[in-house]
Amino acid sequence: MSNTLSAVPVLETARLRLRTVHRDDLDAIYALHADPRAMRYWSFAAWTRREQAEEWFNQRQRWGNDSEVWPWGITLAGSAQLIGIATLFSVNRVQCRAEIGYQLGSAHWGQGYAVEALRAVLGYALDALQLQRIEADIDPRNLASCRLVEKLGFRLEGLLRERWRVNGEVTDTALYGLLTREFVRS
Ligand SMILES: CC(C)(COP(=O)(O)OP(=O)(O)OC[C@H]1O[C@@H](n2cnc3c(N)ncnc32)[C@H](O)[C@@H]1OP(=O)(O)O)[C@@H](O)C(=O)NCCC(=O)NCCS
């Protein structure tokens, strides 16, 4: 079995480097998913066991074999330490669309890193992959995530009610969509 998730090209921004996720990143991946603050509005509960990181990695590898997925590990420029993940998934080449998911360790919030990382990933998705529509499924209470995508040009397209069941809680989806012509590039 390979020691990486699907290989992705390196994307460099002013302060960040986005690169392929390796098995060596598992401690950082565990820390990201074990942080209750960072997992508050996620699609599954915060992890409590290190083996969950192994299971996640193996399942993501199978996911990458079965469908087109672009998982980028986010690091600060000049550091190897993974501080977040941004993933393009459900890539549909016929319909020219995909979904985006992202998370940053809470120690790195509020410094504009998410905008910087997503701008690079969206630029790649729309320019290199020639996709024309990107979707984001966000808990409407996740104000940071809503603000983040709005800043990049996404528009709120609808509310999908009672779409998730996580940790005994039933939650809605705010469905956001970005069209190529609406992307705020800078
Ligand atoms: C969502 C997330 C990636 C944002 O990361 P970040 O690096 O802190 O975001 P940025 O610093 O780039 O800020 C983006 C915008 O959101 C705003 N913002 C950040 N946190 C906010 C908060 N708690 N409430 C309201 N707005 C907030 C910022 O002010 C900025 O807007 P501005 O430039 O107009 O001021 C981060 O909070 C996170 O990883 N959360 C946990 C995982 C998660 O929920 N992922 C999304 C699932 S849909």
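Leaving aside neighbours within four places in sequence, which residues is serine 145 in contact with? The structure is a predicted model, and in this model serine 145 is in contact with Tyr102 and Ile138 once those neighbours are set aside. Serine 145 lies in helix α5. With a relative accessible area of 8%, serine 145 falls under the 20% limit and therefore counts as buried. The contact with tyrosine 102 includes a polar one between the two side chains, at 2.6 Å.

Tyrosine 102 leads on to the ligand. A polar backbone atom of tyrosine 102 is 2.8 Å from a nitrogen atom of the ligand. On the side-chain side, an N or O atom of asparagine 142 is 2.8 Å from a ligand oxygen atom, and an N or O atom of tryptophan 109 is 3.3 Å from an oxygen atom of the ligand. The ligand on its own has 940 Å² of accessible area, and the protein covers 74% of that.

The shell around the ligand holds 20 residues, of which Leu104, Gly110, Gly112, Arg147 and Lys151 come nearest. Sorted by class, the shell has 11 nonpolar residues, 6 polar ones and 3 charged ones. Four elements each supply at least two of the shell residues: strand β5 (97–104), helix α4 (113–128), strand β6 (133–138) and helix α5 (143–151). The element that gives the most is α5, with 5 residues. Helix α5 is also where serine 145 is found.

The elements around the ligand return in the interior of the protein. The largest nonpolar core has 39 residues, and those touching the most other members are Trp72, Leu88, Ile100, Tyr102, Leu122, Ile134 and Phe154. Two or more core residues come from each of β2 (16–20), β3 (70–76), β4 (82–92), β5, α4, β6, α5 and β8 (169–179). Helix α4 provides the largest share of this core, 10 residues. Tyrosine 102 thus has three roles to note here: a member of this core, a polar backbone partner of the ligand, and a side-chain partner of serine 145.

Tryptophan 72 gives a closer view of the packing. Not counting residues up to four places away in sequence, tryptophan 72 touches Val8, Pro9, Leu11, Leu18, Arg19, Val21, Gly84, Ile85, Ala86, Leu88, Val121 and Tyr124. A second core, separate from the one above, has 13 residues, including Ala28, Tyr30, Leu32 and Ile85. Ile85 is therefore a member of the second core under the 4.5 Å side-chain criterion, while tryptophan 72 is a member of the largest one.Helix α1 (residues 26–33) can be read alongside the second core. Of its 8 residues, 6 are buried, and the helix is mostly covered. Those buried residues are Leu26, Ala28, Ile29, Tyr30, Leu32 and His33. They pack against α2 (36–39), α3 (51–66), β4 and β5. An α-helix has 3.6 residues a turn, so residues three or four places apart point the same way.

Toward the start of the chain, leucine 5 is found in the segment before β1 (11–12). Its relative accessible area is 4%, so leucine 5 is buried. Leaving aside neighbours within four places in sequence, leucine 5 is in contact with Thr20, Val21, Trp56, Phe57, Arg60, Gln61 and Pro71. Histidine 22 is 17 residues from leucine 5 along the chain, and the two C-alpha atoms are separated by 6.5 Å.

Two backbone details remain. Cysteine 96, in the loop between β4 and β5, is not a glycine, yet has a positive phi of about 55 degrees. Glutamate 162 also has a positive phi, near 45 degrees, and lies in strand β7 (residues 155–166). Its relative accessibility is 52%, so glutamate 162 counts as exposed. Not counting residues up to four places away in sequence, glutamate 162 touches Val170, Thr171 and Asp172. The C-alpha atom of glutamate 162 is separated by 15 Å from that of asparagine 142, 20 residues apart along the chain. Asparagine 142 leads back to the ligand, where an N or O atom of its side chain is 2.8 Å from a ligand oxygen atom.

Technical notes
Residues are numbered from 1 along each chain as its sequence is written. This is a predicted model: local features need pLDDT of at least 70, side-chain atom pairs count only at pLDDT 80 or more; totals for chains, interfaces and linings use all residues. Side-chain values use heavy atoms; hydrogens and water are left out. A residue is near a molecule or strand if one of its heavy atoms lies within 4 Å of it. A polar contact is a pair of N or O atoms within 3.5 Å; within protein, one must be able to donate a hydrogen and the other to accept it, and residues adjacent in sequence count only if both atoms are side-chain atoms. Accessible areas come from the Shrake-Rupley method with a 1.4 Å probe; for residues, only the protein chains shown count as cover. Ala, Val, Leu, Ile, Met, Phe, Trp, Tyr, Cys and Pro count as nonpolar, Asp, Glu, Lys and Arg as charged, and the others, Gly among them, as polar. Buried means under 20% relative accessible area, exposed over 50%, partly exposed in between (1.4 Å probe, protein chains only). Contact means heavy atoms within 4.5 Å.
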